[in-house]
Amino acid sequence: MCRAHGLAGDFGVRAWTSPRRTPLLYPDAVTLSEEATADDVLAAIDTAGGGCSVKDGFASLDLSGAGFDVLFEARWLYRPAGAPAPAPPPGTAWAPLTTPAELAEWATAWDAGGGLSALFRPGLLADPVVTFLAGRGAGDGRVVAGAVVSLGGGAAGLSNVFAADGDIDAAWAGCLSAVARLRPGTPVVGYEHGDDLAAAVRHGCAEAGPLRVWLSP
């Protein structure tokens with residue numbers, strides 16, 4: 001996402017950081033080791049002006065002394081490659097996006113009027129490690145659900161799972177079924193909290209540890 005917005009982050013031993021402010025909803029730093037310290041992330045990012053965020057991948061940091069609040073707590077997810085794929089929900093067809101027009105339609109459904117659909121730029125469609133999945137209603141072909149799949153480290157990272165019609169269980173079943181079809185033999189990873197976490201676990205994902213997202217007000 002940062003590359004699509006013209007930003008180049010830095011991979012260190014303990015953390016990934018961006019010296020320039022990242023797109024909305026995306027962290028300015030991500031810890032890569034449980035040994036990461038507050039200095040590892042805060043010294044390399046722009047903390048001025050508020051709105052800076054840190055994805056604490058091991059829930060091991062305390063950034064409250066630097067003026068950060070916990071935005072949310074979540075759990076890492078893991079679904080092994082050999083796990084049976086959920087049955088795709090009837091009445092919805094899942095497929096990858098291929099055109100900017102499809103991406104714009106997907107982003108509008110994902111955003112639900114929040115004003116952030118422009119985050120997803122057409123250049124992402126040319127990235128070989130990123131796949132946008134859309135679940136379309138059989139009747140009118142409207143995007144009713146979706147997800148983003150990012151390949152790396154021998155796994156398929158699943159994010160941005162949404163259900164425009166509110167049926168989050170159907171969205172998880174549909175996207176996991178699509179990943180199993182498109183990337184057979186690939187484990188699925190990700191993180192969620194709340195209702196999405198519960199839905200992911202119901203469809204075969206196991207909790208694999210805590211994480212925390214910090215935000216400077």
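Colleague: Let's start with Asp56. Which residues does Asp56 touch, leaving aside those up to four places away in sequence?

Modeller: In this predicted model, Asp56 touches Thr31, Leu61, Leu211, Arg212 and Trp214. Asp56 itself has its place in strand E4, residues 53–56.

Colleague: Why is Asp56 called buried?

Modeller: Buried means under 20% relative accessible area. Asp56 has a relative accessible area of 0%, so Asp56 is buried.

Colleague: What makes the pair Asp56 and Leu61 a polar contact?

Modeller: The backbone nitrogen of Leu61 lies 2.9 Å from a polar atom of the Asp56 side chain. The cut-off for such a pair is within 3.5 Å, so the distance of 2.9 Å fits.

Colleague: Now for the helices. How do you know that the span of H3 agrees with what a helix should have?

Modeller: Helix H3 covers residues 168–182, which is 15 residues. At 1.5 Å a residue they should span 21 Å, and the end C-alpha atoms are 21 Å apart, so the two values agree.

Colleague: Which residues of H3 are buried?

Modeller: Among them are Ile168, Trp172, Cys175, Leu176 and Val179.

Colleague: Why are H3 and H4 called oblique to each other?

Modeller: Their axes come within 9 Å and cross at roughly 50°. Under 35 degrees would count as roughly parallel, and roughly perpendicular runs from 65 to 115. An angle of roughly 50° falls in neither range, nor is it over 145, so H3 and H4 are oblique. The crossing is right-handed.

Colleague: And where do H3 and H4 meet?

Modeller: Ile168, Asp169 and Trp172 in H3 meet Asp196, Ala199, Ala200 and Arg202 in H4.

Terms used. Residues are numbered from 1 along each chain as its sequence is written. This is a predicted model: local features need pLDDT of at least 70, side-chain atom pairs count only at pLDDT 80 or more; totals for chains, interfaces and linings use all residues. Side-chain values use heavy atoms; hydrogens and water are left out. Helices (H or I, at least four residues) and strands (E, at least two) are DSSP runs, numbered from the N terminus. The expected span of a helix is 1.5 Å times one less than its number of residues. Buried means under 20% relative accessible area, exposed over 50%, partly exposed in between (1.4 Å probe, protein chains only). A polar contact is a pair of N or O atoms within 3.5 Å; within protein, one must be able to donate a hydrogen and the other to accept it, and residues adjacent in sequence count only if both atoms are side-chain atoms. Contact means heavy atoms within 4.5 Å. Axes are lines fitted to C-alpha atoms, for helices over the stretch in contact, and angles run from 0 to 180 degrees between N-to-C directions. A crossing is left-handed if the near helix is turned anticlockwise from the far one by less than a right angle, and right-handed if clockwise.
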